[in-house]
Amino acid sequence: MRTLLHGAISSACVEVATYPSEVVRRQLQLQVGANKMNVLATCVCVKIVENGRVSTLYAGLIPSLLQVI
């Protein structure tokens with residue numbers, strides 16, 4: 001039981017740390033003809049934060065955490 005709990009906690013930490021980059025990746029996949037990923041990823045991230053808030057990068061995190069756990 002202890003190992004299961006530690007695995008769930010570590011998976012949740014990884015999910016929280018990488019979720020904003022997954023949001024940006026999904027936005028990039030929706031765009032057609034994206035050539036320069038690093039510059040474009042930065043622009044997409046800035047647009048997401050400008051249009052919403054930083055919390056926009058974490059939208060949908062709770063269902064994702066429930067799936068991981």
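User: What does "buried" mean here, and how does S64 fit?

Analyst: Buried means under 20% relative accessible area, exposed means over 50%, and partly exposed lies in between (1.4 Å probe, protein chains only). S64 has a relative accessible area of 14%, so S64 counts as buried. It's found in helix α3; helices here are DSSP runs (H or I, at least four residues), numbered from the N terminus.

One heads-up: this is a predicted model, where local features need pLDDT of at least 70, side-chain atom pairs count only at pLDDT 80 or more, and totals for chains, interfaces and linings use all residues. Residues are numbered from 1 along each chain as its sequence is written, and side-chain values use heavy atoms, with hydrogens and water left out.

User: Which residues is S64 in contact with, apart from its neighbours within four places in sequence?

Analyst: E15 and Y19. Contact means heavy atoms within 4.5 Å.

User: What makes α1 roughly antiparallel to α3?

Analyst: Their packing angle is about 150°, with the axes 9 Å apart. Angles over 145 degrees count as roughly antiparallel, under 35 as roughly parallel, 65 to 115 as roughly perpendicular, and the rest as oblique. So α1 and α3 get the label roughly antiparallel.

User: Where is confidence lowest, and where is it highest?

Analyst: pLDDT is the predictor's confidence in each residue, from 0 to 100. Helix α2 (residues 37-51) has the lowest mean, 66, while helix α1 (residues 2-30) has the highest, 85. The protein chain averages 77. Where pLDDT is low, don't read the predicted coordinates in detail.

How values were computed. Helix = DSSP H or I, 4+ residues; strand = E, 2+ residues; numbered from the N terminus. Axes fitted to C-alpha atoms, helices over the stretch in contact; angles between N-to-C directions.
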